[in-house]
Amino acid sequence: MKLNELKIIVSFFILSNVCLICFSIHLNREILEEFSPQLGPEIDLSYREITSIDSDTFYGLTNIKELSLSNNQITELNQSIFQGLENLESLSLTSNNLTSIRSDTFRGLTQLKILNLNLNQIKHLDSGSFIDLINLQYL
């Protein structure tokens, strides 16, 4: 679909055999809320042209172990955006447009082992950005 003039793309999220149609590139809790009991331990939201994520989108999804938000257009991560993903072990934010990481972006992700921030434009890390990542093995 390269070199097209499309203004709106309908994204299809496949979450544990549930097809969810999303008409926005802004990810919010409303999209995930209805299906949260049926979500498996892995969520792949790569290549969805997501530009922003509400702060409470992932809150309470304690069964999630792997989350991929790679190859989107995310420019910033709200403070404590991943709060509630207390069992998350792998987080991929590869190939976005991130320029900075705030001090409490990854707060509470004490089980996180893999954090992939490759291919971003990060120029600034707040002091303490990775302080809660006590089990981190790969950055």
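Strand 4 and strand 6 run parallel, and 3 bridges join them. One bridge partner pair to look at is isoleucine 43 with leucine 67, the latter in strand 6. Please keep in mind that this is a predicted model.

Those two strands belong to an open sheet of 4 strands, with parallel pairing and the order 4-6-7-9. Strand 4, residues 42-44, and strand 9, residues 114-116, stand at the edges. Each of these has a single partner strand, so one side of each has no neighbour in the sheet. From one strand to the next, the twist averages 0 degrees.

Now the chain as a whole. It has 1 helix and 10 strands. Read from the N terminus, the order of elements is β-β-β-α-β-β-β-β-β-β-β. The chain has 139 residues, and 41% of them count as buried. Taking the contacts with a separation of 6 or more, 55% are between residues 24 or more positions apart. The exposed area is about 8,000 Å², and carbon and sulfur atoms supply 49% of it.

Next, the loops, beginning with leucine 85. This residue sits in the loop between strand 6, residues 66-68, and strand 7. Is leucine 85 buried or exposed? Leucine 85 is buried, because its relative accessibility is 1%, and the cut-off for buried is under 20%. Leaving out residues up to four places away in sequence, leucine 85 touches Phe58, Leu61, Ile64, Leu67 and Leu109. Leu67 came up a moment ago as the bridge partner of isoleucine 43. Leucine 85 is also 8.0 Å from lysine 65, C-alpha to C-alpha, with their positions 20 residues apart in sequence.

Lysine 65 brings us to the salt bridges. How many salt bridges are there? The count comes to 3. In one of them, the side chains of lysine 65 and glutamate 89 meet at 3.9 Å, N to O. That pair links distant parts of the chain, 24 residues apart: lysine 65 is in the loop between strand 5 and strand 6, and glutamate 89 is in the loop between strand 6 and strand 7. Lysine 65 is partly exposed at 35% relative accessibility, and glutamate 89 is partly exposed at 28%.

Another salt bridge joins arginine 102 and glutamate 76, with the closest N and O atoms 2.8 Å apart. This pair too links distant parts of the chain, 26 residues apart, with arginine 102 in the loop between strand 8 and strand 9 and glutamate 76 in the loop between strand 6 and strand 7. Arginine 102 has a relative accessible area of 29% and is partly exposed; glutamate 76 is partly exposed at 42%.

There is also a salt bridge between arginine 107 and aspartate 104, where the closest N and O atoms are 3.8 Å apart. Arginine 107 is partly exposed at 46%, whereas aspartate 104 counts as buried at 11%.

Last, asparagine 96, which lies in the loop between strand 7, residues 90-92, and strand 8, residues 100-101. Asparagine 96 counts as buried, because its relative accessibility is 3%. Which backbone atom of leucine 93 lies 3.1 Å from a polar atom of the side chain of asparagine 96? That is the backbone oxygen. On asparagine 72, the backbone nitrogen lies 3.3 Å from a polar atom of the asparagine 96 side chain. Not counting residues up to four places away in sequence, asparagine 96 touches several residues, among them Leu69, Ser70, Asn71, Leu119 and Asn120.

Note on methods
Residues numbered from 1 in each chain as written. Predicted model: local features only at pLDDT ≥ 70, side-chain atom pairs only at ≥ 80, totals over all residues. Heavy atoms only, no water. Buried < 20%, exposed > 50% of the residue type's maximum accessible area, 1.4 Å probe, protein only. Polar contact = N/O pair within 3.5 Å; in protein donor to acceptor, adjacent residues only side chain to side chain. Contact = heavy atoms within 4.5 Å. Pairing = 2+ DSSP bridges. Axes fitted to C-alpha atoms, helices over the stretch in contact; angles between N-to-C directions. Areas by Shrake-Rupley, 256 points an atom, 1.4 Å probe, with all protein chains shown as cover. Salt bridge = Lys/Arg side-chain N within 4 Å of Asp/Glu carboxyl O.
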